[in-house]
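User: I would like a close look at one part of this protein. Please keep it brisk and connect that part to its surroundings.

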Amino acid sequence: MIIRLSRCNLACVGCDVPHTWDWSRFDPRLHSRRFSVDELASWALGSSAQLVVITGGEPLLQQPQLVPLVRCLANAGRWVEIETNGTCAPEPALTVVTDLFVVSPRLANAGARLVPAQRINPAALEAFVACGQAVFAFAVRDHSELDEIAELEQQFALAPIWVMPAGTAATTVLAELSWLAEAAVLRGWHVSTRLQSLLRGGPASQ
Ligand code: SF4
């Protein structure tokens, strides 16, 4: 089960979920709904799904509300993962109830509007590493980004690292996988096939 929270603190070029934050193109009244924590927990627990992925947008913008939500799901036996862009440090109250953080720091090509200080928050990345419950995932567009990921790996001791082809079209993902897998293995990283893209597909231009 996926819970997708609205709003984001970044504005990446090529974002595949702009309806969560880009109000110049999407009407928030049509693309978001307000739920209380109790309503959302009750809805999620109505499903038999044992894995709950909370994503966004940037879910940690709503961290005070996430704590009781995740605690409720965890108490009911659900495995809870939170996907984040890594710019907001997780509070201890959130780390104790969350099973896994999937942290995806945005690389330089995320957009000219994003300066490094917006994309990379050293204190937040250090907090994710220190909590011991995080993996670091990067969608890769070209070879040059591998060195950028390696710099982040070295600077913040990021581990484990997962890389995957950028894009949502199955043809794009499959075409990029061969070179990326080989390069990643040489660096000791894990490779994701971006299964959701292979199953769901997407416009070839993305
Ligand atoms: S951080 Fe994620 S959700 Fe936010 S703009 Fe970038 S790609 Fe989109």
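Where is the place of Ala44? Start there and work outward.

Analyst: Ala44 sits in helix H2. One caution before going on: this is a predicted model.

Ala44 has a relative accessible area of 1%. The cut-off for buried is under 20%, so Ala44 counts as buried. Leaving aside neighbours within four places in sequence, Ala44 is in contact with Met1, Ile3 and Leu73. Take Leu73. Along the chain, Ala44 and Leu73 are 29 residues apart, and their C-alpha atoms are separated by 8.0 Å.

Leu73 leads to helix H3, where Leu73 is one of the buried residues. The others listed there are Gln63, Leu66, Val67, Leu69 and Val70. Residues three or four places apart in an α-helix point the same way, because a turn takes 3.6 residues. The cover over the buried residues of H3 includes helix H2 (37-45), strand E2 (51-55), strand E3 (79-84) and helix H4 (92-95). H3 itself has 13 residues. From its first C-alpha to its last, H3 reaches 18 Å, close to the 18 Å expected at 1.5 Å a residue. After H3 comes Gly77, with a positive phi near 90°.

Now the core. The largest nonpolar core has 40 residues. Ile54, Leu66, Leu94, Phe136, Phe138 and Val163 have the most contacts inside this core. Helix H3 (residues 63-75) gives the largest share, 5 residues. Both domain 1 (2-145) and domain 2 (160-206) supply at least three residues each. As a general point, nonpolar side chains tend to be buried together in soluble globular proteins.

Phe136 deserves a stop. Not counting residues up to four places away in sequence, Phe136 touches Val103, Leu125, Phe128, Val129, Leu158, Ala159, Pro160, Ile161 and Trp162. A second, separate core has 5 residues, including Leu100, Val102, Val135 and Ala137.

Next, the two domains. Their C-alpha centres lie 20 Å apart. Across the boundary, 11 residues of domain 1 are in contact with 12 residues of domain 2.

The backbone has some points to check. Most residues other than glycine have a negative phi, and most peptide bonds are trans. Ala159 and Pro160 are joined by a cis peptide bond, with omega about -10°. Pro160 is in the loop between helix H7 (144-156) and strand E6 (161-165). Ala157 is placed in the loop between H7 and E6 as well. Ala157 is not a glycine, yet its phi is positive, about 55°. Arg194 also has a positive phi of about 55° without being a glycine. Look for Arg194 in the loop between strand E7 (190-191) and helix H9 (195-200). Its relative accessibility is 9%, so Arg194 counts as buried.

A further cis peptide bond runs from Gly56 to Gly57, with omega near 15°. Gly57 is in the loop between E2 and H3. Gly57 also takes us to the ligand, as one of the residues that surround it. The rest of that shell is Cys8, Leu10, Ala11, Cys12, Cys15, Val17, Trp21, Asn85 and Arg106. By class, the shell has 7 nonpolar, 2 polar and 1 charged residues.

To retrace the start of the path: Ala44 in H2 is in contact with Leu73, and Leu73 is buried in H3.

Methods:
Residues are numbered from 1 along each chain as its sequence is written. This is a predicted model: local features need pLDDT of at least 70, side-chain atom pairs count only at pLDDT 80 or more; totals for chains, interfaces and linings use all residues. Side-chain values use heavy atoms; hydrogens and water are left out. A residue is near a molecule or strand if one of its heavy atoms lies within 4 Å of it. Ala, Val, Leu, Ile, Met, Phe, Trp, Tyr, Cys and Pro count as nonpolar, Asp, Glu, Lys and Arg as charged, and the others, Gly among them, as polar. A nonpolar core is a set of buried Ala, Val, Leu, Ile, Met, Phe, Trp, Tyr and Cys residues joined through side-chain atoms within 4.5 Å. Buried means under 20% relative accessible area, exposed over 50%, partly exposed in between (1.4 Å probe, protein chains only). Helices (H or I, at least four residues) and strands (E, at least two) are DSSP runs, numbered from the N terminus. Domain bounds come from an automatic or database domain assignment. Contact means heavy atoms within 4.5 Å. The expected span of a helix is 1.5 Å times one less than its number of residues.
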